[in-house]
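Visitor: I'd like a close look at a single part of this model, with the cut-offs spelled out as we go. Pick a spot and walk me through its surroundings.

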Amino acid sequence: MNATRRLARMPQRRAEGLTTGITSVCSAHPLVIEAALTHGKARNADVLIEATCNQVNQDGGYTGMTPADFRTFVEAIAAKVGFAPDRLILGGDHLGPNPWKHLRADEAMSKAKTMIDAFAAAGFTKLHLDTSMACADDPQALPDATIAARAAQLAEVSEARVRQSGTQAPSYIVGTEVPVPGGAVEALDHMHITTPDDALATVELHRQAFAQLGLDEAFARAIGVVVQPGVEFGNAEVIGYQRRPAASLAATLNDMPQFVFEAHSTDYQSAEALRDLVSDGFAILKVGPWLTFALREALYGLNSIAEVLAPRAIGQTLPAAMEQIMLSSPEHWQKYYPGDAREQFIQRHYSFSDRIRYYWAMPAAQGAVDELMSALERRIIPRPLISQYLGHLEPMIADGSVMPEARALVLANVVRVLDIYAGAIDGATRQ
């Protein structure tokens, strides 16, 4: 049984009384993906990696990759680290008209259909159908029945492609979380938890919409519903999971044994909160910005170390280079980071929303990172400097589990976050 089939059995396992969970790694950064696959290999575990509609699509997204490109990219990293292909699951997140919502609905949906066809053709086997966003000629708040009908139209395209190409039939995820993907923009002074009635209605409307298109067999492969369990993060705030307010939502799974819940924006949650989420049926835990935040944290720490060890080897500090890049291309951060110039500076570099992640693939950013890593290449970094600038990792240097070298430290800081998720899932399943 391969990883996709194990994923598809998660609701069945929960219905049988077995707690189950998996981390969904939402990133296209090669070092994050390498860390995830290395982590999975060490644990002999399945790894779920997802690309969003804005990162990867038929036009290239902000990564410049199509779904087929992304698959090749991930599989090349898997081969390099020796990760077993049958333990890899590739997913598409928020697949729908979002990248083209400035267009009329018929045009945006046409592009969304082309996109999901490309994801299905590339063999992605976990597809999140998200058509909740209003297009140019839509009312501001789309009726739930319209959202479900559009999702079913995308599934129809996906199913046709799977039949034609003979690829493995995908599992579907329906619904969407309340905040925008990637972290809240507004102040987190309130939190809307999905009501049981809304969760049940989402499932029933999608069931009806699929049936109207003759897609009952496809809907039988819908395994997850995206809901808001009361978790979110902003630029400097994190709302932690509280079991009591979400208890009635969690209990709703008893009325829909076909499903588990998928929780988005679980970044920066405590290990205890993540464990409680899994125990309560929020079995698919999405994480993205926390991983690239850890990446940036490690790179900036190494920059400070390089300024001590090799000050003449770098022409411009990495933070200075990234500041220049972000100011010259402000479209990825400007409308998300409020405040005066100093507040925006802090957010550009250190926000939990981590919108700096959109810039690492740019040639100038890659050049700055390469220069930093070259300056520290083949150097054994003294433990006191690691303690000073990468304190999270000093215990791992002390016990010998991580080598005191630049690349190893970057990967270890990402793995540190993945370890929190893995430990939480393992803890929940042992309860």
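Guide: Let's start with one strand and work outwards from there. Bear in mind that this is a predicted model: local features need pLDDT of at least 70 and side-chain atom pairs count only at pLDDT 80 or more, while totals for chains, interfaces and linings use all residues. Numbering starts from 1 along each chain as its sequence is written, and side-chain values use heavy atoms, with hydrogens and water left out. The mean pLDDT of the protein chain is 95, and 97% of its residues reach 70 or more; pLDDT is the predictor's confidence in each residue, from 0 to 100.

Our spot is strand 5, residues 171-174. Strands (E, at least two residues) and helices (H or I, at least four) are DSSP runs numbered from the N terminus. Ser171 and Ile173 point one way, Tyr172 and Val174 point the other way, and all are buried. Buried means under 20% relative accessible area with a 1.4 Å probe, protein chains only; over 50% is exposed, and in between is partly exposed.

What sits alongside? Strand 4 (residues 126-129) pairs with strand 5 in the parallel sense over 4 bridges, and Ile173 is the bridge partner of His128. To pair, two strands need at least two DSSP bridges between them. From strand 4, the chain reaches strand 5 by way of helix 6 (residues 144-165), in a right-handed β-α-β crossover. Right-handed here says that, with the strands pointing away from the viewer, the path from the first strand over the helix to the second runs clockwise. Strand 5 also runs parallel to strand 6 (residues 222-227), joined by 3 bridges, with Val225 as the bridge partner of Val174.

A word of caution for residues 179-183: pLDDT stays under 50 there, and the model has 11 contacts for them beyond four places in sequence. Contact means heavy atoms within 4.5 Å. Where pLDDT is low, the predicted coordinates should not be read in detail.

Now for Thr125, in the loop between helix 5 (105-121) and strand 4. Thr125 is buried, at 5% relative accessible area. Beyond four places in sequence, Thr125 is in contact with Ser171 of our strand, and also with Thr4, Ile89, Leu90, Gln168 and Pro170. With Thr4 there's a polar contact, side chain to side chain, at 2.7 Å. That term covers a pair of N or O atoms within 3.5 Å; within protein, one must be able to donate a hydrogen and the other to accept it, and residues adjacent in sequence count only if both atoms are side-chain atoms.

Leu90 leads on to Phe70. Among the contacts of Phe70 beyond four places in sequence are Leu90, Phe124, Ile33, Ile49 and Val56. Phe70 and Ile49, with Leu37, Leu302 and Met322, touch the most other members of the largest nonpolar core, which has 123 residues. Helix 17 (residues 406-430) gives this core its largest share, 13 residues. A second, separate core of 12 residues includes Val226, along with Met10, Leu48 and Ile284. Such a core is a set of buried Ala, Val, Leu, Ile, Met, Phe, Trp, Tyr and Cys residues joined through side-chain atoms within 4.5 Å.
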